[in-house]
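Trainee: I should like to go through the reasoning behind the terms used for this model. Could we begin with the charged side chains and take the rest from there?

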Amino acid sequence: MYHEKTNLFAPYDEYPLGIASGLWSKKEEWKLVWQEEFDSGDIDTSTWTKVSRGTSDWCNYMAAHDTLYDVRDGNLILRGIVNTIMPADTAPFLTGED
């Protein structure tokens with residue numbers, strides 16, 4: 001959910017906790033600006049792309065290997081695994097990141 005006054009985003013499932021704790025304001029101030037249901041069974045490549053590995057800490061282990069991504073029961077599954085599938089890759093771990 002997006003809070004227009006503070007320009008902050010909050011995961012939808014954490015929104016009620018934020019209200020109860022007083023962290024966020026009343027629901028009227030929040031507006032849903034985007035939502036993905038993943039109900040087609042495939043990743044919509046017009047919306048989602050695989051991120052290449054980079055030098056920032058958060059993307060040190062990214063890989064585009066198909067076993068790291070899945071869509072199941074309306075959920076996008078991104079896996080992190082010990083690297084046993086790409087022996088030429090020196091990264092000890094691999095993660096999927098869309």
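Mentor: Certainly. The model is a predicted one, and a search of the whole structure finds 4 salt bridges.

Trainee: What makes the pair Asp89 and Arg53 a salt bridge?

Mentor: The N to O distance between the side chains of Asp89 and Arg53 is 2.9 Å. The cut-off is 4 Å between a side-chain nitrogen of Lys or Arg and a carboxyl oxygen of Asp or Glu, so the pair qualifies as a salt bridge.

Trainee: Which parts of the chain does this pair link?

Mentor: Asp89 belongs to the loop between strand 6 and strand 7, and Arg53 to the loop between strand 3 and strand 4. The two residues are 36 residues apart, and the pair links distant parts of the chain.

Trainee: Why is Asp89 called buried?

Mentor: Its relative accessible area is 18%. Buried means under 20%, so Asp89 counts as buried.

Trainee: How is Arg53 classed, and why?

Mentor: Arg53 has 35% relative accessibility. The partly exposed class runs from the 20% limit for buried to the 50% limit for exposed, and Arg53 therefore counts as partly exposed.

Trainee: Which residues are in contact with Asp89, leaving aside its neighbours within four places in sequence?

Mentor: They are Arg53, Asn83 and Leu94. Asp89 itself lies in the loop between strand 6 (80-82) and strand 7 (93-95).

Trainee: What makes Asp70 and Arg72 a salt bridge?

Mentor: Their closest N and O atoms are 3.7 Å apart, and with the limit at 4 Å the pair is accepted. Asp70 counts as partly exposed at 26% relative accessibility, and Arg72 counts as partly exposed at 43%.

Trainee: With which other residue do the side chains of Asp70 meet in a salt bridge?

Mentor: Arg79 is the partner, at 3.6 Å, N to O. Arg79 has 28% relative accessibility and counts as partly exposed. Asp70, Arg72 and Arg79 are joined into one network by salt bridges that share partners.

Trainee: Let us turn to the rings. How many aromatic pairs are there?

Mentor: The count comes to 2 aromatic pairs. In one of them, the rings of Phe38 and Trp48 have centres 5.4 Å apart and planes at 35°.

Trainee: Why is the pair of Phe38 and Trp48 called tilted?

Mentor: Stacked planes are under 30 degrees apart and edge-to-face planes over 60. The angle of 35° fits neither class, so the pair of Phe38 and Trp48 is tilted. Both Phe38 and Trp48 lie in the loop between strand 3 (30-31) and strand 4 (69-72), and the pair ties together parts that are 10 residues apart in sequence. Phe38 is buried, and so is Trp48.

Trainee: What makes the pair of Tyr61 and Phe93 edge-to-face?

Mentor: The angle between their planes is 85°, and the edge-to-face class begins over 60 degrees. The centre to centre distance is 6.0 Å, set against a pairing limit of 6.5 Å. This pair links distant parts of the chain, with Tyr61 in the loop between strand 3 and strand 4, Phe93 in strand 7, and their positions 32 residues apart.

Trainee: How do you know that Tyr61 counts as partly exposed?

Mentor: Tyr61 has 35% relative accessibility. That value falls between the 20% and 50% limits, so Tyr61 counts as partly exposed. Phe93, at 43%, also counts as partly exposed.

Trainee: Which residues form the nonpolar patch on the surface?

Mentor: Tyr61, Val82 and Phe93 form it, with about 290 Å² of accessible area together.

Trainee: What places Lys50 over the face of Tyr69?

Mentor: Lys50 is at 4.5 Å from the ring centre of Tyr69, and the distance limit for a charge over a ring is 6 Å.

Trainee: What is the secondary structure of the whole protein?

Mentor: It comes to 1 helix and 7 strands, which run β-β-α-β-β-β-β-β from the N terminus on. Buried residues make up 22% of the 98 residues. The protein exposes about 7,200 Å², and carbon and sulfur atoms supply 53% of that area.

Conventions:
Residues are numbered from 1 along each chain as its sequence is written. This is a predicted model: local features need pLDDT of at least 70, side-chain atom pairs count only at pLDDT 80 or more; totals for chains, interfaces and linings use all residues. Side-chain values use heavy atoms; hydrogens and water are left out. Helices (H or I, at least four residues) and strands (E, at least two) are DSSP runs, numbered from the N terminus. Buried means under 20% relative accessible area, exposed over 50%, partly exposed in between (1.4 Å probe, protein chains only). Contact means heavy atoms within 4.5 Å. A charge sits over a ring if NZ of Lys or CZ of Arg is within 6 Å of the ring centre and within 35 degrees of the ring normal. Patches are made of residues with over 30% relative accessible area and no salt bridge: like charges are joined within 9 Å, nonpolar side chains (Val, Leu, Ile, Met, Phe, Trp, Tyr) within 5 Å. Accessible areas come from the Shrake-Rupley method with a 1.4 Å probe; for residues, only the protein chains shown count as cover.
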